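Subject: Structure for you to look at

Hello,

Here is the structure I promised you. Please open it and keep it beside this email as you read.

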Amino acid sequence: MALEVEGKLTHLLERRSGVSANGTNWTSQDFVIEIPGQYPQSAVFNVYGDRVQLDQYQIGENIKVSFDIRGREYQGKWYNTLNAWKIERIGATAPAAPQGAAPAGQTAPAGPAEQPQAEAEGDLPF
């Protein structure tokens with residue numbers, strides 16, 4: 001199920017990277033948008049791999065995020081992740097989320113379905 005939401009980019013969190021159990025390099029980065037309304041809400045999204053190059057966006061910029069929701073269990077508790085796969089500048093005529101190549105010296109990361117759960121979500125329970 002694909003969902004979309006519009007809001008203002010408020011935080012770009014640090015990029016994480018590692019190597020999966022099968023030897024594939026991976027990267028992941030979280031970002032936060034503020035969703036407007038009578039009671040504005042903040043939501044954190046995750047970008048896995050090079051689907052979206054977040055360094056081309058500025059804090060305070062209005063964006064539209066296309067995402068999927070992932071749920072998983074860890075030690076009897078359930079956690080959700082908002083997995084972003086496309087970002088567009090609001091008012092832009094073309095999507096600003098090109099498929100990027102892996103950084104020099106790295107191979108392209110495996111898709112989320114191909115990596116073990118611990119590497120897909122980090123070693124944190126949330």
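What pattern does the chain follow when read along the sequence? The answer is β-β-β-β-β-β-α. That comes to 6 strands and 1 helix. Please keep in mind that this is a predicted model.

**How far to trust it**

Start with the confidence scores. The average pLDDT of the chain is 80. A score of at least 70 is reached by 71% of the residues. Among the elements, S1 has the highest mean pLDDT, at 96. Helix H1, residues 117-121, has the lowest, at 48. Look also at residues 93-120, where the pLDDT is below 50. In the model, this stretch has 57 contacts beyond near neighbours in sequence. Read that part with care.

**The chain as a whole**

The chain has 126 residues, and 33% of them count as buried. Its exposed area is about 7700 Å². Carbon and sulfur atoms supply 52% of that area. Now take the contacts with a separation of 6 or more. Of these, 59% are between residues 24 or more positions apart.

**How the strands pair**

Begin with S5, residues 62-74. S5 pairs with S6 in the antiparallel sense, over 12 bridges. One bridge to find is Gly71 with its partner Asn80 in S6. S5 and S6 form a hairpin, with 2 residues between them. Gln75 sits in the turn and has a positive phi of about 50 degrees.

S5 is also joined to S1, residues 3-12. These two run antiparallel, with 6 bridges. Here Gly7 stands opposite Ile63 in S5.

**The nonpolar core**

Which residues of the largest nonpolar core touch the most other members? They are Phe31, Ile33, Phe45, Ile63, Val65 and Ile87. The core has 15 residues. At least two residues come from each of S1, S3 (25-35), S4 (41-48), S5 and S6.

Ile33 is a good one to click on. Set aside its neighbours within four places in sequence. Its contacts then include Val5, Gly7 and Leu9. Gln41, Ala43 and Phe45 are also among them. So are Ile63 and Val65, to name two others on the list.

**A polar pair across the hairpin**

Next, find Arg72 in strand S5. Then find Thr81 in S6, which covers residues 77-89. Their side chains make a polar contact, at 2.7 Å. Are these two residues buried or exposed? Thr81 has a relative accessible area of 15%, so it is buried, since the cut-off is under 20%. Arg72 is buried too, because its value of 10% is also under 20%.

**Glu73 and the turn**

Glu73 is found in S5 as well. What does its side chain reach at 3.2 Å? The backbone nitrogen of Gln75. A polar atom of the Glu73 side chain also lies 2.4 Å from the backbone nitrogen of Gly76. Glu73 has 42% relative accessibility, so it counts as partly exposed: the value lies between 20% and 50%.

One general point helps when you look along a strand. In a regular strand, side chains alternate between the two faces of the sheet.

**A loop residue**

Last, go to Leu13. Where is it? Leu13 is in the loop between S1 and S2 (16-19). Leu13 is partly exposed, with a relative accessible area of 35%. Beyond its neighbours within four places in sequence, Leu13 is in contact with Gln29 and Asp30. Leu13 and Gln29 are 16 residues apart in sequence. In space, they are 6.4 Å apart, C-alpha to C-alpha.

**Where to begin**

Start with the S5 and S6 hairpin. Then turn to Ile33 and its contacts. Leave residues 93-120 for the end, as the pLDDT there is below 50.

Best wishes

Technical notes. Residues are numbered from 1 along each chain as its sequence is written. Side-chain values use heavy atoms; hydrogens and water are left out. Helices (H or I, at least four residues) and strands (E, at least two) are DSSP runs, numbered from the N terminus. Buried means under 20% relative accessible area, exposed over 50%, partly exposed in between (1.4 Å probe, protein chains only). A polar contact is a pair of N or O atoms within 3.5 Å; within protein, one must be able to donate a hydrogen and the other to accept it, and residues adjacent in sequence count only if both atoms are side-chain atoms. Contact means heavy atoms within 4.5 Å. Accessible areas come from the Shrake-Rupley method with a 1.4 Å probe; for residues, only the protein chains shown count as cover. Two strands pair if DSSP finds at least two bridges between them. A nonpolar core is a set of buried Ala, Val, Leu, Ile, Met, Phe, Trp, Tyr and Cys residues joined through side-chain atoms within 4.5 Å. pLDDT is the predictor's confidence in each residue, from 0 to 100.
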